[in-house]
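The following exercises concern a protein–DNA model and are meant to be worked through with the sequence and coordinates at hand. Each task is followed by a solution in steps.

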There are 2 protein chains.
Amino acid sequence: MSTADAQIVTKHLRADAVRNRAKVLEAARAAFAEHGSEAQMEDVARRAGVGVGTVYRHFPTKRALAEALVEARFDEVLAFARTLVDEPGPDPWEPIVLCFEHCAATTERDRGWATALAVMAGSAVAGPREHQQDELLALMDQLLARARAAGVVRDDLAAADLPALFCGLASVVQAGSKSWRRYLDLLLDGLRPRP
Amino acid sequence: MSTADAQIVTKHLRADAVRNRAKVLEAARAAFAEHGSEAQMEDVARRAGVGVGTVYRHFPTKRALAEALVEARFDEVLAFARTLVDEPGPDPWEPIVLCFEHCAATTERDRGWATALAVMAGSAVAGPREHQQDELLALMDQLLARARAAGVVRDDLAAADLPALFCGLASVVQAGSKSWRRYLDLLLDGLRPRP
DNA sequence: ACCTGAACACCGTTCAAGT
DNA sequence: ACCTGAACACCGTTCAAGT
């Protein structure tokens with residue numbers, strides 16, 4: 001959906017505009033990774049080698065630019081989740097663990113990712129990236145169903161519970177806690193079936 | 001400690017300065033509760049009925065003002081934890097639950113509180129409110145010791161694990177999740193002893 | 001169509017002038 | 001000693017002029 005949109009837009013873009021858009025996104029990635037939401041639009045423009053006006057032509061506000069980056073990350077996360085669903089291993093518990101670890105790793109690389117997860121956890125009626133969110137939940141639901149069937153997770157754990165768990169994990173990682181491993185181990189252990 | 005500091009300073013303040021300082025803090029409380037960290041210094045000054053310069057005389061930066069508010073909240077939380085330690089009930093698990101619920105409730109009323117918890121979870125070497133942090137950890141340690149002795153919590157759960165748990169909870173609450181209750185129930189259940 | 005960058009608006013912070 | 005608020009600095013955003 002978002003990919004389709006991007007292509008439709010792309011068709012109407014001049015060649016140099018396409019290049020500039022990509023350069024801006026790449027520059028923004030670097031700037032936001034380094035400075036978080038404090039990153040400056042002027043700095044993004046400088047790194048991309050364009051004028052500020054060009055940045056604003058492609059992304060109406062700083063927030064929109066940040067969200068475009070998150071959308072790209074979302075696609076990565078979706079691809080990862082799809083792999084887990086499509087290539088099931090012998091242990092149905094493992095993909096659950098991998099999802100949480102992937103969430104933590106993504107948060108470490110991209111400070112904007114925690115915000116995306118917070119939006120999902122808030123579960124406002126609709127919102128940006130709604131389709132991405134739905135797809136991720138559907139994928140997680142499949143992973144959970146398998147794990148439940150195998151009796152390796154609490155049988156009352158639903159996919160709808162996960163965004164909040166990811167959100168919590170992301171904030172712990174982002175707090176810079178050296179020991180998010182310990183936090184994650186506690187969390188995962190708590191998701192195991194009750195006796 | 002912080003209370004002592006405040007009194008030492010108070011002695012050197014002129015009567016009108018004391019009043020103004022209190023008015024600024026009260027105005028800041030309202031402004032930050034309403035707008036979060038987006039609150040404007042000019043607005044704080046207006047609500048307090050003073051000039052911006054007066055706000056800056058008492059608090060060198062916006063960040064310092066926000067931290068003063070958090071320090072006050074911290075004192076409230078410490079008082080609550082002290083009560084739990086000093087007036088033990090029949091059920092040693094209950095105070096643990098109350099601590100988490102109090103954390104969630106405080107986060108709902110004060111958006112700045114989540115930041116304080118994130119700092120604790122990050123456990124940087126030192127930092128502001130270090131004594132408050134230490135005291136809170138010591139109190140939690142006592143509550144945990146009792147619960148462990150009664151066999152109502154995982155015996156590997158340490159007080160040092162709690163800041164991360166609080167941090168995660170606070171971010172879920174702050175995300176505006178209607179169902180942080182569900183999140184908290186999952187979390188607490190995960191802290192129960194293993195079979 | 002798209003790009004540029006000077007100009008504008010907004011808000012955190014400072015400081016000269018007041019009491 | 002402390003207060004005031006105009007002035008400054010910084011950064012997000014706009015828009016007239018260019019190609």
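The exercises below treat a predicted model and proceed from a single chain to the chain interface and then to the DNA strands.

**Exercise 1. Overall description of chain A**

Task: Describe the secondary structure, extent and burial of chain A.

Solution.
Step 1. Chain A has 10 helices and zero strands. Read along the sequence, the pattern is α-α-α-α-α-α-α-α-α-α.
Step 2. Along the principal axes, the C-alpha atoms of chain A occupy a box of roughly 60 × 35 × 30 Å.
Step 3. Chain A comprises 195 residues, of which 44% count as buried. Its accessible surface is about 10000 Å², and carbon and sulfur atoms hold 54% of that area.
Step 4. Take the contacts in chain A between residues at least 6 apart in sequence: 67% of them join residues at least 24 apart.

**Exercise 2. Two residues in their surroundings**

Task: Determine whether A:Gln132 is buried or exposed, and identify the partner of its side chain in a polar contact.

Solution.
Step 1. A:Gln132 belongs to helix α8 of chain A, residues 130-149.
Step 2. The threshold for a buried residue is a relative accessible area under 20%. A:Gln132 is therefore classed as buried, since its relative accessibility is 6%.
Step 3. The side chain of A:Gln132 forms a polar contact with that of A:Asp75, at 3.0 Å.

Task: Classify the exposure of B:Phe80 and list the residues it touches beyond four places in sequence.

Solution.
Step 1. Helix α5 of chain B, residues 62-86, contains B:Phe80.
Step 2. Partly exposed residues fall between the limits of 20% and 50%. B:Phe80 has a relative accessible area of 26%, so it is partly exposed.
Step 3. Leaving aside residues up to four places away in sequence, B:Phe80 touches B:Leu98, B:Cys99 and B:His102.
Step 4. For one of these, B:Cys99, the separation along the chain from B:Phe80 is 19 residues, and the C-alpha atoms lie 8.4 Å apart.

**Exercise 3. The interface between chains A and B**

Task: How many residues of each chain are in contact, and what area is buried between the chains?

Solution.
Step 1. On chain B, 25 residues make contact with 25 residues of chain A.
Step 2. The size of an interface is often expressed as the accessible area lost when the parts come together.
Step 3. For chain B and chain A, the buried area is about 2000 Å², with 54% of it from carbon and sulfur atoms.
Step 4. On the side of chain B, B:Arg182, B:Tyr183 and B:Leu186 provide 24% of the area buried against chain A, more than any other three residues.

**Exercise 4. The surroundings of DNA strand C**

Task: Which residues come closest to DNA strand C, and which atoms of the strand do they approach?

Solution.
Step 1. Strand C is surrounded by 20 residues, the closest being A:Arg14, A:Asn20, A:Gly51, A:Thr54 and B:Tyr56. Of the strand C atoms within 4 Å of the protein, 69% belong to sugar and phosphate.
Step 2. The side chain of A:Arg14 places an N or O atom 2.8 Å from a base nitrogen of strand C.
Step 3. Phosphate oxygens of strand C are approached by an N or O atom in the side chain of A:Asn20, at 2.3 Å, and by a polar backbone atom of A:Gly51, at 2.8 Å.
Step 4. Two or more residues of this surface come from each of α2 (15-35) and α4 of chain A and α4 of chain B. The largest share, five residues, is that of α4(A).

**Exercise 5. The surroundings of DNA strand D**

Task: Identify the protein contacts to phosphate oxygens of DNA strand D and the elements that supply the nearby surface.

Solution.
Step 1. Among the 20 residues around strand D, the nearest are A:Tyr56, B:Asn20, B:Gly51, B:Gly53 and B:Thr54.
Step 2. Phosphate oxygens of strand D lie 2.4 Å from a polar side-chain atom of B:Asn20, 2.8 Å from a polar backbone atom of B:Gly51 and 2.9 Å from an N or O atom in the side chain of A:Lys62.
Step 3. The elements giving two or more residues to this surface are α4 (52-58) of chain A and, in chain B, α2 (15-35) and α4 (52-58). With five residues, α4(B) gives the largest share.
Step 4. By type, the residues near strand D are eight nonpolar, eight polar and four charged.

Methods:
Residues numbered from 1 in each chain as written. Chains lettered and ligands numbered in written order. Predicted model: local features only at pLDDT ≥ 70, side-chain atom pairs only at ≥ 80, totals over all residues. Heavy atoms only, no water. Near = heavy atom within 4 Å. Polar contact = N/O pair within 3.5 Å; in protein donor to acceptor, adjacent residues only side chain to side chain. Helix = DSSP H or I, 4+ residues; strand = E, 2+ residues; numbered from the N terminus. Nonpolar A, V, L, I, M, F, W, Y, C, P; charged D, E, K, R; others polar. Buried < 20%, exposed > 50% of the residue type's maximum accessible area, 1.4 Å probe, protein only. Contact = heavy atoms within 4.5 Å. Areas by Shrake-Rupley, 256 points an atom, 1.4 Å probe, with all protein chains shown as cover. Buried area = accessible area lost by both parts, 1.4 Å probe.
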